[in-house]
Amino acid sequence: MSDLPADLPRLHVLRTWHAMWLARIDAAIATAEQREAETRRGAEVRPPPPAYVVQLGIGTGPPAAVHVGGCPVAGSRVRPLDTEQARQALLDVVACSMCRPDTDLGLL
């Protein structure tokens, strides 16, 4: 015994309904696969973070801190530094207390 209707018109309606939902699900799967592929591609071509960064202050104020590149505390207003520039910056600017660039540079 089946739980489907016995008459042909209702069976056609059910088939159309389910075909419509399958098309929507297939479209959602394709979108999700494309999004994952773009995320993977973005991670592959993203340049590595700089060795050190200086966190800039607001406006024309002095720099806030020196960080190891990729430190999550640094924020978005940063400028990349090479090793020598980071050493020089640490003479006037505080080191991040989380990533400790002064320890990394052997200054502490």
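Which residue in β3 is the bridge partner of V54? I start the notebook with this one, and the reply is R79. Before going on, a reminder to myself that I am reading a predicted model.

**Entry 1: the overall picture**

I looked up the elements and found three helices and three strands in the protein. Reading from the N terminus, I get the run α-β-β-β-α-α.

Next came the dimensions. Along its principal axes the C-alpha trace spans about 85 × 25 × 25 Å. I then checked the radius of gyration, which is 28 Å, whereas a compact globule of 108 residues would have one near 13 Å. Burial was my next lookup: 19% of the 108 residues are buried.

I also asked how the contacts are spread along the chain. Taking contacts with a separation of 6 or more, I see that 42% of them join residues 24 or more positions apart.

**Entry 2: the sheet**

Back to the strands. They form an open sheet of three, in the order β2-β1-β3, and the pairing is antiparallel. β2 (65–68) and β3 (78–81) are the edge strands; each has a single partner, so one side of each has no neighbour in the sheet. I noted the twist too: neighbouring strands are turned by 30 degrees against each other on average, direction ignored.

How many bridges join β1 and β2? I count on the record of the pairing here: four bridges, in the antiparallel sense, with β1 covering residues 52–55. Two of the positions I wrote down are Y52, which stands opposite V68 in β2, and Q55, which stands opposite A65 in β2.

On the other side, β1 and β3 pair over four bridges, again antiparallel. My opening pair belongs here, with V54 of the sheet bridged to R79 in β3.

**Entry 3: the side chains of β1**

Which way do the β1 side chains point? I find Y52 and V54 pointing one way from β1, and V53 and Q55 pointing the other way. In a regular strand the side chains alternate between the two faces of the sheet. Buried or exposed, I wondered, for these four? All of them are buried.

**Entry 4: salt bridges**

The structure holds four salt bridges, and I followed up three pairs in these notes, as listed below.

- E44 and R41: I read 4.0 Å between the closest N and O atoms. The two residues sit three apart in helix α1 (residues 8–45), so about one helical turn separates them. E44 is exposed, and R41 is exposed as well.
- E84 and R87: the N to O distance of this salt bridge is 3.9 Å. Both residues are in helix α2 (residues 83–89), three residues apart, which is about one turn of the helix. E84 is partly exposed at 45% relative accessible area, and R87 is partly exposed at 31%.
- D102 and R100: here the salt bridge has an N to O distance of 2.8 Å. D102 is buried, with a relative accessible area of 11%, while R100 is partly exposed at 29%.

**Entry 5: a second look at D102**

Where does D102 sit? I place D102 in helix α3 (residues 101–104). Why does D102 count as buried? Its relative accessibility is 11%, and buried means under 20%. I also looked for polar contacts, and the side chain of D102 makes one with the side chain of R100, at 2.8 Å.

**Entry 6: a second look at R87**

R87 kept my attention after the salt bridge with E84. What does R87 touch, apart from its neighbours within four places in sequence? I found contacts with L105 and L107. I then took the C-alpha distance from R87 to G106, which is 9.4 Å, for two residues 19 apart along the chain.

Why is R87 called partly exposed? Its relative accessible area is 31%, and partly exposed is the class between under 20% and over 50%.

**Entry 7: what I take away**

For my own recap, the pages hold an open three-stranded sheet ordered β2-β1-β3, a β1 strand whose Y52, V53, V54 and Q55 are buried, and a salt bridge from buried D102 to R100.

Technical notes
Residues are numbered from 1 along each chain as its sequence is written. This is a predicted model: local features need pLDDT of at least 70, side-chain atom pairs count only at pLDDT 80 or more; totals for chains, interfaces and linings use all residues. Side-chain values use heavy atoms; hydrogens and water are left out. A salt bridge is a side-chain nitrogen of Lys or Arg within 4 Å of a carboxyl oxygen of Asp or Glu. Buried means under 20% relative accessible area, exposed over 50%, partly exposed in between (1.4 Å probe, protein chains only). Two strands pair if DSSP finds at least two bridges between them. Axes are lines fitted to C-alpha atoms, for helices over the stretch in contact, and angles run from 0 to 180 degrees between N-to-C directions. A polar contact is a pair of N or O atoms within 3.5 Å; within protein, one must be able to donate a hydrogen and the other to accept it, and residues adjacent in sequence count only if both atoms are side-chain atoms. The radius of gyration is taken over C-alpha atoms; the globule rule is 2.2 Å times the number of residues to the power 0.38. Contact means heavy atoms within 4.5 Å.
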